[in-house]
Amino acid sequence: MALGIDLGTSELKAVLLDQSGVVLAHAGVRLTISRPQPGWSEQDPEDWWQACAAGLQQLRAANPDAYARVRCIGLSGQMHGAVLLDEGDRVLRPAILWDDSRAMLEAEQLGRDHPDFAEVTGSLPMAGLTAPKLLWLQHHEPQTFSRIDCVLSPKDYLRLRLTGERITDVSDAAATLWLDVRRRVWFEPMVNATGLTLRQLPPLVEGSAASAGLAAAAATELGLSAGLVVAGGGGDNPVSAVGIGAIDAGQAFVTLGTSAALVAITDHAAGNPPSAVHTFCHALPQRWYTMGAMLSGASCLRWVTNLLGKPNEQALLQLVQETLPIAQVVPATTPLFLPYLAGERTPHNDPLVRGGFMQLGHDTVPAMLGYAVLEGVGFGLLDAMHAVQSAGAAVSSCALVGGGARSDYWAQLLANILDREIHTLSGSELSACIGAAKLGFLAIGGGQDLLAAGMPIKARFTPVAAQQPVLQARYRQFRGLFAAAQALHD
């Protein structure tokens with residue numbers, strides 16, 4: 001058995017995967033986010049560890065025989081977070097998360113002072129990435145900053161608790177802005193630009209390599225064998241790619257969770273930083289991926305569901321489907337929605353821009369607002385796809401993963417908007433956990449046959465030509481609204 005652990009933003013998930021790639025059991029533990037000030041997003045790393053212990057206890061209680069056969073562990077997790085440790089591995093403050101925008105001025109400073117670094121790091125400096133957060137801490141919390149002995153990414157804090165070792169993998173490191181993504185080594189000039197030294201960053205391993213062994217204390221607490229190999233693992237997007245079998249150049253997928261992204265696999269570091277495209281290392285050696293990222297994805301649907309007082313997202317989706325069938329062209333009076341509830345990355349790189357509805361009227365009904373949100377997220381992904389293509393990456397058919405993949409209506413709408421075949425996968429909500437478990441098998445010398453296996457296709461959605469003219473016209477209107485939205489905070 002391999003144990004795959006995925007530390008998400010809203011939930012920690014874990015699976016037991018056997019050598020043939022079958023998920024025997026899975027568990028989940030919800031997490032909460034603290035937002036002490038506007039634009040801030042934090043979590044207590046101790047909550048991650050408690051969630052990990054609780055999730056593994058669920059697996060152990062329900063599947064004691066399978067749990068006893070665990071021989072390796074793989075890790076996946078939310079990217080761009082900053083966990084600060086002192087010399088005794090004590091956490092100095094709550095972790096600053098990927099959707100935290102407090103470091104906007106510091107990101108601008110790094111871009112202004114070091115304009116050439118983006119070609120090395122694979123991305124423009126952005127408030128959500130890790131490096132600007134450290135510069136913010138140096139400016140605003142100097143006492144805490146002075147005590148930093150090590151900076152870890154979120155899933156690497158779980159590794160520390162599991163093994164006692166400070167280690168990260170190249171895919172998570174690429175998302176910090178401190179990595180030379182082509183050479184897959186720390187980029188010292190950027191590290192120094194944020195007030196740190198290489199000594200304060202952990203050693204690097206590939207995601208499929210063994211990183212450390214399970215420590216005796218953690219083994220006792222979790223009911224596992226001491227010394228179990230813990231793989232390097234990786235960030236949630238690249239590990240999800242491993243889970244679904246997106247491992248070769250030319251493959252692409254859309255992830256539609258709390259945030260959203262369009263990811264294209266490449267065999268080289270292909271980037272276009274000026275378009276706010278990210279080029280990061282894959283969780284497998286000698287592979288990279290190019291990504292257009294949105295800060296709000298399926299979270300927009302959750303938001304409008306609550307706004308309209310509906311009991312859950314499924315109830316709103318059902319109302320949308322009944323009122324505006326996917327086979328029909330939407331009425332011209334349907335509102336447009338800008339999905340920038342937490343700012344935006346690709347292609348705008350503006351953490352302060354906010355979302356909104358346009359073209360509301362007396363005839364606007366809740367179903368129209370629900371549809372507009374689904375469409376607006378789709379238009380944001382079309383922006384992301386254009387940016388990814390500008391970097392030279394190919395985007396043909398796309399798998400759809402994440403919570404949003406549960407809606408056939410949304411999947412068909414995305415196929416129509418992106419003008420690409422979209423296919424959903426059985427079990428894709430566990431793709432990051434499964435990818436982590438696969439990396440665990442690789443770290444102990446197995447699992448090669450699992451890499452290309454991917455996941456069974458559940459349904460295929462092909463673009464409907466009759467929908468194209470209206471959607472293209474609405475997309476042009478959508479694009480034209482950004483300047484007005486941006487002007488509100490200028």
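Leaving aside neighbours within four places in sequence, His80 is in contact with Ile96, Trp98, Gly128, Leu129, Thr130, Lys133, Ala175, Phe280 and Arg345. This briefing describes a predicted model. It starts at His80, follows some of these contacts outward, and then turns to the empty spaces. Two pockets are covered, with volumes of about 1,100 Å³ and about 480 Å³.

**His80**

- His80 sits in a loop, with strand S5 (72-77) on one side and strand S6 (83-85) on the other.
- Is His80 buried or exposed? Its relative accessible area is 5%, so His80 is buried.
- The side chain of His80 has a polar atom 2.8 Å from the backbone oxygen of Ala175.
- The contacts of His80 include Thr130 and Lys133, and both of these are buried residues of helix H5.
- Phe280 is another contact of His80, and Phe280 belongs to strand S18.

**Helix H5**

- Helix H5 spans residues 130-140 and is mostly covered.
- How many of its 11 residues are buried? The count is 8.
- The buried residues are Thr130, Ala131, Pro132, Lys133, Leu134, Leu135, Trp136 and Leu137.
- Several elements help to cover them, including the strands S6, S7 (95-96) and S8 (150-152).
- The cover also includes the helices H3 (104-113), H6 (142-146) and H9 (188-193).

**Strands S18 and S19**

- Strand S18 covers residues 278-281, and its residues point two ways.
- His278 and Phe280 point one way, while Thr279 and Cys281 point the other. All of them are buried.
- S18 and S19 run antiparallel and are joined by 4 bridges.
- Which residue of S19 is the bridge partner of Phe280? The partner is Tyr289.
- The hairpin of S18 and S19 has 6 residues between the strands. In this hairpin, Gln286 takes a positive phi near 60°.

**Thr9**

- Thr9 is in the loop between strand S1 (2-7) and strand S2.
- The relative accessible area of Thr9 is 11%, so Thr9 counts as buried.
- A polar contact of 2.8 Å links the side chain of Thr9 to that of Trp98.
- Beyond its neighbours within four places in sequence, Thr9 touches Leu31, Ile33, Gln43, Gln78, Leu97 and Trp98.
- Trp98 is also on the contact list of His80.

**Leu439 and Ala453**

- Leu439 is part of helix H16. Its relative accessible area is 0%, so Leu439 is buried.
- Apart from neighbours within four places in sequence, Leu439 is in contact with Gly207, Ser208, Ala231, Gly233, Val239, Val242, Ala283 and Leu284.
- Leu439 and Val230 are 209 residues apart along the chain, and 9.2 Å separates their C-alpha atoms.
- Ala453 lies in a loop between helix H17 (448-451) and strand S24 (457-461).
- Ala453 is exposed, because its relative accessible area is 54%.
- Ala453 and Ile244 are also 209 residues apart along the chain, with their C-alpha atoms 7.9 Å from each other.

**The largest pocket**

- Rolling a probe the size of a water molecule over the atoms shows where empty space is left.
- The largest pocket holds about 1,100 Å³ of space.
- Its lining has 44 residues, and those nearest the centre are Ser10, Gly257, Thr258, Gly402 and Gly403.
- Elements that give two or more residues to this lining include strands S2 (11-17), S17 (260-266) and S19 (288-294). Helices H11 (236-244), H12 (298-307), H13 (313-323) and H16 (431-443) do so too.
- The lining of the largest pocket divides into 16 nonpolar, 18 polar and 10 charged residues.

**The second largest pocket**

- The second largest pocket holds about 480 Å³.
- It is lined by 21 residues, with Arg35, Asp99, Thr258, Ser299 and Ala342 nearest its centre.
- Which element gives the largest share of this lining? H12 does, with 5 residues.
- The lining is made up of 9 nonpolar, 7 polar and 5 charged residues.

**Cavities**

- The structure has 4 cavities of 30 Å³ or more.
- The largest cavity has a volume of about 90 Å³.
- Among its 14 lining residues, Ala127, Gly128, Leu295, Arg345 and Pro351 lie nearest its centre.
- Gly128 and Arg345 are also among the contacts of His80.
- The lining of the largest cavity has 6 nonpolar, 3 polar and 5 charged residues.

Notes
Residues are numbered from 1 along each chain as its sequence is written. This is a predicted model: local features need pLDDT of at least 70, side-chain atom pairs count only at pLDDT 80 or more; totals for chains, interfaces and linings use all residues. Side-chain values use heavy atoms; hydrogens and water are left out. Buried means under 20% relative accessible area, exposed over 50%, partly exposed in between (1.4 Å probe, protein chains only). A polar contact is a pair of N or O atoms within 3.5 Å; within protein, one must be able to donate a hydrogen and the other to accept it, and residues adjacent in sequence count only if both atoms are side-chain atoms. Contact means heavy atoms within 4.5 Å. On a 1 Å grid over the protein atoms alone, a cavity is a set of points where a 1.4 Å probe fits but cannot get out, and a pocket is an open set with protein on both sides within 12 Å along at least five of seven lines; lining residues have an atom within 4 Å of a point. Grid points are joined across faces, edges and corners, and a volume is the space filled by probe spheres set on the points. Ala, Val, Leu, Ile, Met, Phe, Trp, Tyr, Cys and Pro count as nonpolar, Asp, Glu, Lys and Arg as charged, and the others, Gly among them, as polar. Two strands pair if DSSP finds at least two bridges between them.
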